[in-house]
Amino acid sequence: MAVETALRVPPSTLHAITGRRREPAWLAERRREAAQRFQELPMPRWERTPLSEGELAGRLEAVWPYLEQPPSARDGRADAVQELAALAVPADVLETWKARRPGSAVLVQVARADGSVVHAAWMDPELARQGVVVAPLSQAVEQLESVVQEHLATRALPASFSKLAALAAAVWDAGQLVYVPAGVQVAQPVEVVLWAEPGRRALFPRTLVVLGEQARLALVETWGSSPGGEGMLAVGGVELVTQPYARLDYACLQRWDSQVTAFTHRRAYLENDSQVEWAIGEFGAGLARSDFEAQLHGRGSSSHSVMVFFAGQRQHLDLASSMEHRGTHTESDIVARGVLTGQARGIYQAVTHIRSGARSSGSWQKGNILVLSQDARADANPTVIVEENDVLRAGHAATVGKVDPEQLFYLMSRGLPHALAVQLMVEGFLQPVLEKIPVEAVRELIRDLVARRLQEAFGAAGS
Amino acid sequence: MASSHTLEIRDLHVSVDGKPIVKGLTLTVRSGEVHGLMGPNGSGKTTLAFALMGHPRYTVDSGQVLFDGEDVLAMEPDERARKGLFLAFQYPAEVPGVTVANFLRLAVNAVHGGDSGKGVPVAEFQKMLLEKLQMLEMDRSFASRYLNEGFSGGEKKRHEMLQMALLRPKIAILDETDSGLDIDAIKVVARAVNSMRGPEFGALVITHYQRILRYIEPDYVHVMMDGRIVRSGGKELAELLEEKGYEWLREQLAQPSA
């Protein structure tokens, strides 16, 4: 008798998920198809973050019963600040919730240890009147079913993209829809937060952002968790769709606790003359493999990205960015700067692919990693693949460097203690790429997160 | 009451990458005094300056450096700065992404902020900064530029003097701050040094040429050759050297009877 070794989502798990939410038939079917893909597709092959089938299977075995158990508390609303605070949401996230700027919207979701998700949502009534939706994804399935049905796991990040994309599409259990109808320009950044309580064992977050023609939005998304518990597996998917002439400024801040193992795909599908500006901050997780990709399908579409990462202690961050030029007159940039301390491992890969037919397109890549300790290790691997003759610009540059002893001596000779001098140099190192982020609030958030990580690495040096 | 400070260098030997450069140098600089240290290229002037400030590449093989009796060589560079030593760099490092204003505020707080951790009040710092910028004939927009990045030679030197003026050291070492400057810029540098002169400030002005010593009148002049001080005197020694050159002195030294 053959032993069943194939990695698969148990039917009982799928049944429990769709049944619990009373999901429409098309969604249940989409999950089932995704589960099928998950079984069929090969394991991801990440050169420097090996993940074996047995390892993934082992992690998932621990997760299935968890997904099947009926939550003791129903998913629901948690509007009061006290309630969010009681759910281990950190102070700065609470500030986000309290800010409620006119012209904006906020959605905070807390993934609880018992498997439920509670949320608090606020939106300027004027935005609601214009048809803007910022809602938990399970709620959006009811509220804006046609949009979700059209875009969820269909174009930007279909289940067929990879084994983990299929898994994420099959069992997503938290996330949000952000929808801006055609012609609506949201003046202020919209903030969405998904925070996991300690004790949560698994989370499959999914974000779907759809901008109609000529819509404009700046979205700041945070995924994170509080320390404690036995560790969590997070497999997430982010889908961004921009219709003609839309512009999306998308920032995502990864703040998982060090006990978290996280695999994340983020993918954008750009239609004609639309634009996606990425600002990515990767700071947390014990082991994270995150990638993002802009698919420049539409003629004249463009995407620029700034990624900042910081890894310390024994963190392992494997970050990949990719620009896929398919349409003519498409343009992209990939800029990344990372800092490594302790025994951290940082891997930065960038791929720009200008496909045959993507005439008059251009792209540039630049990646720099600063290594602060003897034991940290860095890899930077930029690649440009050009299949089209008519290319405006294409190139890349990548460096891995250490603290410059002359800079350090100069700063110390002015009275700055070693730790403070290094902090200042790190801030200076990141400053030029932060300046490229168009949304000021995002620059501030990333600066703040870098300062926290530096504080952890070097202690309070009184800057 | 003015307190007096002393930097004592005793039979100092310094090597760089295993090569001896400073070979037994003895010199005492007290607050209230300005010393000119002259010498041809390669005589070890800059090595002395870096060793006094604690550059990790410069190894002190033997000798002592005492500041008010304390062992300077046992201190990290930042500790030396907080004690009141200052080095104006000949080629200051560029630190992109760090603004002059932010750096200066951190430096002033580190040196004068005290143990309270509160630091110098922002308004007070701003006032001080504007005042010193004015003295050095620098535009206030200078403060928002990145540290030494894209600075002209003259701007770098003025920036060094700006830091000296703000940090108010007890003993300052100026490493060829006059090099590459036109006469107007030299006058500005001299003004910065002269504005600090007094019973609580001493300086060691390292230079190749006598020029700057016309504007900063030294109390003492020393000549360094091959890692040692070969002659000391008053300001007339600088004038003599300007007139006759280092070769003349070398020849003189070669004839011990002369």
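Begin with the contacts inside chain A of this predicted model: among those that join residues at least 6 apart in sequence, 81% link residues at least 24 apart.

Now select the whole of chain A, where twelve helices and 21 strands can be displayed as a cartoon. The radius of gyration of chain A is 22 Å, close to the 23 Å that the globule rule gives for 463 residues, so chain A is as compact as a globular protein of that length. Along the principal axes, the C-alpha atoms of chain A fill a box of roughly 65 × 60 × 50 Å, and 53% of the 463 residues of chain A count as buried.

Next, select helix α5 of chain A, residues 91-99, and show the side chains of V93(A), T96(A) and W97(A), which are buried. These residues lie on the same side of α5(A), because the arc that they cover around the axis is only 95°. Turn the view to the face of α5(A) that points away from its buried side, and there the exposed residues A91(A), E95(A) and K98(A) come up. Just after α5(A), select R100(A), whose phi is positive, at about 40°.

Finally, bring chain B into view, where 23 residues are in contact with 24 residues of chain A. On the side of chain B that touches chain A, at least two residues each come from α2 (77-83), β7 (95-99), α3 (100-112) and α5 (153-167) of chain B. Colouring that side of chain B by residue class gives 16 nonpolar, four polar and three charged residues.

Note on methods
Residues are numbered from 1 along each chain as its sequence is written. Chains are lettered from A and ligands numbered from 1 in the order in which they are written. This is a predicted model: local features need pLDDT of at least 70, side-chain atom pairs count only at pLDDT 80 or more; totals for chains, interfaces and linings use all residues. Two residues are in contact if their C-beta atoms, placed from the backbone, lie within 7 Å. Helices (H or I, at least four residues) and strands (E, at least two) are DSSP runs, numbered from the N terminus. Ala, Val, Leu, Ile, Met, Phe, Trp, Tyr, Cys and Pro count as nonpolar, Asp, Glu, Lys and Arg as charged, and the others, Gly among them, as polar. The radius of gyration is taken over C-alpha atoms; the globule rule is 2.2 Å times the number of residues to the power 0.38. A residue is buried if 20 or more other C-beta atoms lie within 10 Å of its own, exposed if 12 or fewer, and partly exposed in between; C-beta atoms are placed from the backbone. The arc is that of the directions from the helix axis to the C-beta atoms.
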